[in-house]
Amino acid sequence: GFGPLDMTVCILGSPTAFLPVLLEGGTRCPGAMVLCLSPAWASRVPSETSPGAWSLLLSRGVSFEAGGHSTLETFAPPRRANYVTGTFATGGPESGWGGEVARDLDCPTGGSVPLTRRLEDPLITRWVLAARGLPVPPTLAFIWGPGGDLPAEPVAPGVKLVRLEDPQGQESLVQEE
């Protein structure tokens, strides 16, 4: 009972990593894949179905059709996103808005800023892989304080973490390790 425009998959931010998805989605479900290149094209409104959550409405977007054809469209009335993913990078000049727009939505999302931080942190990635028995390059890492997303006593083969509590007077510990 759904038409092709009843589904809107929204990609926030740069299309670079998602171009194959946008092109294939445009072929399989023409018009359902919408690229949102600016936070000004999207608005968050309180969800009618999930208290405390937000619905994402798109006023503009680049829609994809079969054969790779794309069109910059203005949606009147705004189009509701049913699934949201995109560039949730934690650094760089364009970072921040995608993660902020996608926060606390009432539809499924393909990522978040905290998940991106974890996936882009090479130490956490190595620790998780090694803790699950996958081989990683031998790693000696010095970290300040509690270590963020790492457990208090991380144990993983091939990964050694040394916690430094104070930047002063740690030279002997670093030399020893």
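**Exercise 1. The pairing of two strands**

In which sense do strand 4 and strand 5 pair, and over how many bridges?

*Solution.* The model is a predicted one, where local features need pLDDT of at least 70 and side-chain atom pairs count only at pLDDT 80 or more, while totals for chains, interfaces and linings use all residues. Residues are numbered from 1 along each chain as its sequence is written, and side-chain values use heavy atoms, with hydrogens and water left out.

Step 1. Find the elements. Strands are DSSP runs of E with at least two residues, helices are DSSP runs of H or I with at least four residues, and both are numbered from the N terminus. Strand 4 covers residues 54–64, and strand 5 covers residues 70–80.

Step 2. Read the pairing. Two strands count as paired if DSSP finds at least two bridges between them. Strand 4 and strand 5 are antiparallel and share 7 bridges. One example is L57, whose bridge partner in strand 5 is R80.

Step 3. Look at the turn. The hairpin of these strands has 5 residues between them, and G67 there takes a positive phi near 80 degrees.

**Exercise 2. Other partners of strand 4**

Find how strand 2 and strand 3 pair with strand 4.

*Solution.* Step 1. Strand 3 (residues 42–46) runs antiparallel to strand 4, with 5 bridges between them. Here S43 stands opposite L57, the residue that also has R80 as a bridge partner.

Step 2. Strand 2 also pairs with strand 4 in the antiparallel sense, over 2 bridges. V34 stands opposite S63 in this pair.

Step 3. Check the cover. In strand 4, 8 of the 11 residues are buried, where buried means under 20% relative accessible area, exposed means over 50%, and partly exposed lies in between (1.4 Å probe, protein chains only).

**Exercise 3. Strand 1 and its neighbours**

Which strands pair with strand 1 in the parallel sense?

*Solution.* Step 1. Strand 1 (residues 9–12) is joined by 4 bridges to strand 2 (residues 33–36), and the two run parallel. V9 has M33 as its bridge partner in strand 2.

Step 2. Follow the chain between them. From strand 1 the chain passes through helix 1 (residues 19–28) to strand 2, a right-handed β-α-β crossover. Right-handed means that, with the strands pointing away from the viewer, the path from the first strand over the helix to the second runs clockwise.

Step 3. Strand 6 (residues 83–86) also pairs with strand 1 in the parallel sense, over 4 bridges. There I11 stands opposite T85.

Step 4. Sort the side chains of strand 1. V9 and I11 point one way, C10 and L12 point the other way, and all are buried.

**Exercise 4. Charged pairs**

How many salt bridges does the structure hold?

*Solution.* Step 1. A salt bridge is a side-chain nitrogen of Lys or Arg within 4 Å of a carboxyl oxygen of Asp or Glu. The structure holds 4 of them. Side chains of opposite charge can pair when their charged atoms come close.

Step 2. Take D106 and R80, whose closest N and O atoms are 2.9 Å apart. D106 is in the loop between helix 2 (97–102) and helix 3 (113–120) and R80 is in strand 5, so this salt bridge ties together parts 26 residues apart in sequence. D106 is buried at 19% relative accessible area, whereas R80 is partly exposed at 33%.

Step 3. Take R103. R103 meets E100 at 2.3 Å, N to O, and also forms a salt bridge with D104, with 3.2 Å between the closest N and O atoms. The shared partner joins E100, R103 and D104 into one network. R103 is partly exposed at 38% relative accessibility, as are E100 at 41% and D104 at 44%.

**Exercise 5. The chain as a whole**

Describe the make-up and cover of the protein chain.

*Solution.* Step 1. The chain has 5 helices and 8 strands, in the order β-α-β-β-β-β-β-α-α-α-β-β-α.

Step 2. Of its 177 residues, 36% are buried.

Step 3. A contact means heavy atoms within 4.5 Å. Among contacts with a separation of 6 or more, 53% link residues 24 or more positions apart.
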